[in-house]
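Here is a short briefing to read with the model open beside you. It walks through a few spots worth finding on screen.

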Amino acid sequence: MALSNKTGVFICHCGTNIAGALDVHKVVDASRALPGVAYAADYKYLCSEPGQQLILDAIKEHGLKRIVIASCSPRMHEITFRKMLKKSNINEYLLEIANIREQASWVHTDFDKATEKAIDLVRMAVAKVGKSEPLKAQAIPITKRALVIGGGIAGIQAALDIADAGHEVVLVERECSIGGRMVMLDKTFPTLDCSACISTPKMVDVSAHPNITLMTSSEVEEVQGYIGNFKVKVRKKATYVNHDICTGCGLCEEKCPFKVESDFDRGLSKRPAIYKLFPQAVPAKPVIDKDACVKLKTGKCGVCLKICPLNCIDYEDEDKTVELDIGAIVVATGYKPAKWQSMYNEYGAGRFEDVIDGLQFERLVNASGPTEGKIKRPSDGKEPETVVIVKCVGSRDPKKGHAYCSRACCMYAAKHAHQILEKLPGGRVFIFYIDIRTPGKGYEEFYDNTRKDGAVYVRGRISRIFREGDTLVCQGEDSLLGRQVRINADLVVLETAMEPAEGSADVLNMLGCAKNDDGWAQEAHPKLRPVETQVGGVFLAGVCQGPKDIPDTVAQASASAAKVIGLLNKDEMETSPMIAAVAADKCSGCGACEPICPYTAITLEKTPDREPGTGKKIERSVANVNAGLCQGCGACTVACRTGAIDLLGFRNTQILQEVDALWQ
């Protein structure tokens, strides 16, 4: 039996967002005259509890069968109104949102034309909902295990929160220890707490937690499946040390005769070919750098094998692939500092040893760093008397670097200035800046104290750094005084931009997650879904989404963990029924839809059939849609040459009905 087209139309004022730019009452009057409309009304905030109750009462009183709500974007509140319809006798998918805010009131300054356009949008929505059909969500089981990609402070926090809730977690880190960038720091602003004192206990908690499986020296290679049912392949790289029996005594590290630059110390010290990332590493067991080990490259040496009392060294070790069943994924891939050397030739492009970046300074000032916390020039080991700090190196510079602000640089600069003035009595610090941004709790006070300590802030950019005798000459501009500035510095610290971490793009592509123009992971909605992605079951934590400081990183990690816990607490979940549907009798099996699907939701499967004319039993290929993977993007419907694929909720008949209504 055909459904009644008894449609109710409700127009939202959205405060003055809509009502201030078009005539809401005129839209209501026009709606009442549309075919199939049995009731029309307006309200100031339809998404509010009174607004939703107004709709429910009208459904009951007027026997409405379909609903059109003219309001803001469906991305904002379509789910809200669908949940509302569950309280009525109307199928939640017999709802259409006419976006008269973003598509009318926000984009037009002409009151009458905006009103006219809003009426057209409502007319189209009424026509489309008249062809809508009831849809029913499917239920899929959920694997109660989470995967966290990245072992920095974001990944650590997310893993601990999920594990503390009683769920299994696999934490994958590409380095040989967890800890990320935070363990490289000396202190954290604004409280100047010891960074290691905060992060290393959490690292130990991860290694000791019964619900966490820690996989270091590992990378995610392949992800298939869908929310609640991911199939993940992780490649565990060869470490050439048997960690099952190694006690981390350190003898092999002491006796290794071959040294290379330490990545952890940012090239300011050397480490052996067999090494732990840093003394407090977790796991506290060494690995062999195959690119630096003479034994692995030439077959000679073997000192570590000879010295090891437990015979832990295994030169025949190979990469292994582990397959995991996962219910939810947290991406916490972090960041890397911008390579300023390739951006700013005028700063020496890496030619001057005493021009360093902020992370190198962190290693210099760190008690466990190469100088044991003493601030010394890398070139000659002398204490600097004058230090110049340059902010926004690679940030807020679309010509040479990135247009975005890296958010934490202002505070890092203030912290570094404080540390210099504290450790070098009589020292001088000059900070070149564009603007001062201190948005966090206690940040403005910290900045003020740095100025009171004696740091001199110079508003302007450094245009050139060059060597003159034993000093570095920093030539720039003081834009407040309107004059050129020339400072002879012993050490220059560049506060560089944050960039997406190496390999993060590969991870996001593997997961099917979107990136913005700068390569950061794109959230589903910046306000309402800030830790979710458009891929169901994949969440974001920390700097992989964009530059942020440690408090914001930890907060977002816990928010992602909360989303994961909410998902894993269910035995099964509903999936959206607004997905592609294949009419098997029309499908030619050409396969054009399969490669175009961005979510790998379509596969060709053999289906029994009969040969036309002869009736002979045959098998033919027919496209099949995985309901868990399909996100309803509609790309396949365009590619289908025979018109066999339709998108439920957006069938061709519905779209054509909308188009026809526009010309009525």
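Let's start with a pair of residues: Lys-233 stands opposite Glu-323 in strand S17. Please keep in mind that this is a predicted model. From that pair we can move out to the sheet, then on to a helix and a surface patch.

**The sheet around S17**
- Strand S12, residues 229-236, pairs with S17 in the antiparallel sense, and 7 bridges join the two.
- These strands belong to an open sheet of 3 strands, ordered S11-S12-S17 with antiparallel pairing.
- The edges are strand S11 (218-226) and strand S17 (320-326); each has a single partner strand, so one side of each is left without a neighbour in the sheet.
- From one strand to the next, the twist averages 20°.

**A covered helix**
- How many residues of helix H12 (residues 358-365) are buried? The count is 8 of 8, and the helix is mostly covered.
- The buried residues of H12 include charged-name entries you can look up directly, among them Glu-362 and Arg-363, along with Leu-359, Phe-361 and Leu-364.
- The cover over the buried residues of H12 includes helix H13 (409-423) as well as strands S8 (187-188), S19 (335-337), S20 (355-357) and S27 (491-496).

**A nonpolar surface patch**
- Phe-650, Ile-655, Val-659, Leu-662 and Trp-663 make a nonpolar surface patch of about 490 Å².
- One of these residues, Ile-655, lies in helix H19, which spans residues 652-662.
- Is Ile-655 buried, exposed or partly exposed? Ile-655 counts as partly exposed because its relative accessibility is 33%, and buried would mean under 20%.

Key:
Residues are numbered from 1 along each chain as its sequence is written. This is a predicted model: local features need pLDDT of at least 70, side-chain atom pairs count only at pLDDT 80 or more; totals for chains, interfaces and linings use all residues. Side-chain values use heavy atoms; hydrogens and water are left out. Patches are made of residues with over 30% relative accessible area and no salt bridge: like charges are joined within 9 Å, nonpolar side chains (Val, Leu, Ile, Met, Phe, Trp, Tyr) within 5 Å. Accessible areas come from the Shrake-Rupley method with a 1.4 Å probe; for residues, only the protein chains shown count as cover. A salt bridge is a side-chain nitrogen of Lys or Arg within 4 Å of a carboxyl oxygen of Asp or Glu. Helices (H or I, at least four residues) and strands (E, at least two) are DSSP runs, numbered from the N terminus. Buried means under 20% relative accessible area, exposed over 50%, partly exposed in between (1.4 Å probe, protein chains only). Two strands pair if DSSP finds at least two bridges between them. Axes are lines fitted to C-alpha atoms, for helices over the stretch in contact, and angles run from 0 to 180 degrees between N-to-C directions. Contact means heavy atoms within 4.5 Å.
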